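Colleague: I am new to this structure and should be grateful for a close look at a single part of it. Would you please describe the surroundings of the DNA strand and whatever adjoins them?

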Amino acid sequence: MSSNAALAERLELFSRLLEVTGADSFRASAHARAARAVADWPADLCAMALSPDGGKAALQSIAGIGPKLADKIVEFAKTGAIKELEELKAQVPAGLIALFEISGLGPKTIRALWQDAGVTDLDSLKKSIADGSIMKVPRMGEKAVQKISAAIAIAAQSAGRVRLGPAAALADAIIAHIKSVKGVREAIAAGSLRRGKETVGDLDILICIENSKAQAAAAEAFVTMPGVRAVLARGENRCSAQVNIDLSSRWEDSSESPSAAAQSGSTIQVDIRLMEEAVFGAALAYFTGSKEHNVRMRQRALDRGLTLNEYGLFPNTPDDPTPPQQKGVKPVAGKSEQEIYAALDMAWVPPELREDRGEMESFELKPGKGVAHRPKHLIEIGDIKAELHAHTTASDGVLSIVELAREAKRRGFHTIAVTDHSRSSVIANGLSPDRLEKHIKAVHAARSEVEGITILAGSEVDILSDGALDYDDDLLGKLDIVVASPHAALTQDPAIATKRLLKAIEHPLVHILGHPTGRLVMRRPGLDPAMEELYAAAKQHNVALEINAHWMRLDLRDVHVRGAVNAGCLIAIDCDVHHPSDFDTLRFGVQTARRGWLDRSSCVNAMSHTDLHAWLKSKR
DNA sequence: GCCGTTTTCGGCCCGACTGTTTTCAGTCG
């Protein structure tokens, strides 16, 4: 785990412990905010904290970090622990914080369960329900206990957070189903799925309906859909259900994953919200989030004498507590997101950027000095014109060279790179030097069979544990493109990993550093190198850092993309094609790139044919 | 615990929903 992630985890725990011990709630939320700021920060904060020229001052320049939290970060950087946190942990049973995972249990209830019914963890909670001692807790009635019991069962069955790919597939299916209902104008996934986060907790689907008849029909279509396991709530404007989700991937049946069977039968919560066109934009903005972005938006509205909610942007009337939409007040904006942002003197913020990571400042129509640079043309899926990382039947793909090239052409690409595995990737049937020589000839031969697309002879060459490449330079020099990737020794020490990856970046024949850390989302943390050193070297040596678009990888991850973009690096977005459907994962790679504020001009896959091939040749 | 171009003290986003109550507390997104 990177030190930022480890620090963020501790601050998050700090926040939870403060909540549960009944500390000032604003103090708790300050710690939670700091945890987020730390997790999102693109550079290593421990290094920053230890810098001789005023680490504390630098930390305090980060929004959400004040003097006290800066002290805690410095302490963590020096000692690997935070004394105040350890003291707080000693006061609270170790299993209590896990109860936050149960829907419906918040800080107040968990504290009461602990203090009044002696609950210390999930097992003792179940016991207190069984023996009735839970009824000692104030405001605890029969229905409340039933709800907690149901929530415990759902938590056990729920997949927890789900990777972007399976979540998007389920959302697409639900949307197609609901759109077939007469009177449904639009259905769109909001929430973290729309923002392109690498994992999502639930699905939020917004449905724009023509009238109340369509409203009822759409709700009915949803709750009776195949795969709906249980309906949790069903109102006029909102329905909630647990829905089966297929979590399988090509990683699941490999030796890497013994848990495939355990994951079958998982469910995810799906909320649908039904509304008419006049409020659709406000609802879409509201339910897309993030929560932090929404807080800033509402504050911005208040600063302008307005109030923002899921029904629109309204004139603010602080003396009257009745919500404006209930009084028939005409909204200033609400039909589209664009008009809401415009009314707040902002350009429309793409969903992937709505994380309160500087977008509030840089998307102001007249941004001030010193704010983050706003992308001139944030990368879009239509900008991608080349796939530079693809496998064939020569190693572990299912397509021949010609089939691969035809599929790439069909998708509108001007260039496809054939980059089969190198000899050390034995499980993936990596090519020996002799086989690679023959494969290069086969690629050249395929060029006459598929016209209208440039087929590159390349390799995804292993970066060995010491940073050496898996083929000698003579052979690498015969290739049009070299993608160098780590596949083994993914748990090595950060300092050694940094040296290993730097050596690959500095190699004069390497174009792209493939899936730089080797992490798998929710499966394997991967390497933990000093990322800033990689950015600097990649920039200096004109090497592109890859965003591997497969939803199991998304490596570089969003915050690393942001760091690389800030450092001025080239970025590649590749689908690591093994199967024709892998081209469809491009959307996730592009979303990750957008979350890192990538401009089209820095993406090698978005270059014109001329520019791309000039860059490739510059390394030959 | 953070923050501030009306504030260095006194704020800190908003509404729906639920279940417990007799006017509200807690959770969620």
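Modeller: The account below begins with the surface around the DNA, passes to the cavity, and ends with individual residues.

The model is a predicted one. Around DNA strand B there are 43 residues, and G104, T109, R139, Y286 and R298 come nearest to the strand. By class, the residues of this surface divide into 16 nonpolar, 13 polar and 14 charged. On the side of the DNA, sugar or phosphate accounts for 68% of the atoms of strand B within 4 Å of the protein, and bases account for the rest.

Several approaches to the phosphates can be given residue by residue. An N or O atom in the side chain of K72 is 2.7 Å from a phosphate oxygen of DNA strand B. With L69, it is a polar backbone atom that is placed 3.1 Å from a phosphate oxygen of the strand. The backbone is also involved at E142, where a polar atom is 3.4 Å from a phosphate oxygen of DNA strand B. The elements that give two or more residues to the surface near the strand are α2 (25–40), α5 (67–79), α7 (107–117), α9 (142–157), α15 (291–303) and β8 (306–309). Of these elements, α15 gives the most, with 5 residues.

Helix α15 leads on to the cavity. The structure holds 1 cavity of 30 Å³ or more, and the volume of the largest cavity is about 110 Å³. Its lining consists of A282, A285, Y286, H293, N294, M297, R298, L308, N309, I340, Y341 and R354. Y286 and R298, which belong to this lining, are also among the residues that come nearest to DNA strand B. The elements α14 (280–288), α15, β8 and α16 (337–343) each supply at least two residues of the lining, and α15 has the largest share, with 4 residues. Of the lining residues, 7 are nonpolar, 3 are polar and 2 are charged.

One residue of helix α16, E337, has contacts with members of that lining. E337 counts as buried because its relative accessible area is 4%, under the cut-off of 20%. The side chain of E337 makes a polar contact of 2.7 Å with the side chain of R354, and it also reaches the backbone nitrogen of A285 at 3.4 Å. Both A285 and R354 are lining residues of the largest cavity. Leaving aside neighbours within four places in sequence, E337 is in contact with R194, G281, L284, A285, T288, W348 and R354.

Two further residues may be described for comparison. Q60 lies in helix α4 (residues 55–60) and is partly exposed, with a relative accessible area of 34%. The C-alpha atoms of Q60 and A70 are 6.2 Å apart in space, although the two residues are 10 apart in sequence. Beyond its neighbours within four places in sequence, Q60 is in contact with I65, G66, P67 and A70. G563, in helix α23 (residues 558–566), is buried, with a relative accessible area of 6%. Its contacts, neighbours within four places in sequence again left aside, are with P42 and Y535. Between the C-alpha atoms of G563 and W597 the separation is 9.6 Å, for residues 34 apart along the chain.

Notes: Residues numbered from 1 in each chain as written. Chains lettered and ligands numbered in written order. Predicted model: local features only at pLDDT ≥ 70, side-chain atom pairs only at ≥ 80, totals over all residues. Heavy atoms only, no water. Near = heavy atom within 4 Å. Polar contact = N/O pair within 3.5 Å; in protein donor to acceptor, adjacent residues only side chain to side chain. Nonpolar A, V, L, I, M, F, W, Y, C, P; charged D, E, K, R; others polar. 1 Å grid on protein atoms, 1.4 Å probe; cavity = no way out; pocket = protein on both sides within 12 Å on 5 of 7 lines; lining within 4 Å. Points joined across faces, edges and corners; volume = space filled by probe spheres on them. Buried < 20%, exposed > 50% of the residue type's maximum accessible area, 1.4 Å probe, protein only. Contact = heavy atoms within 4.5 Å.
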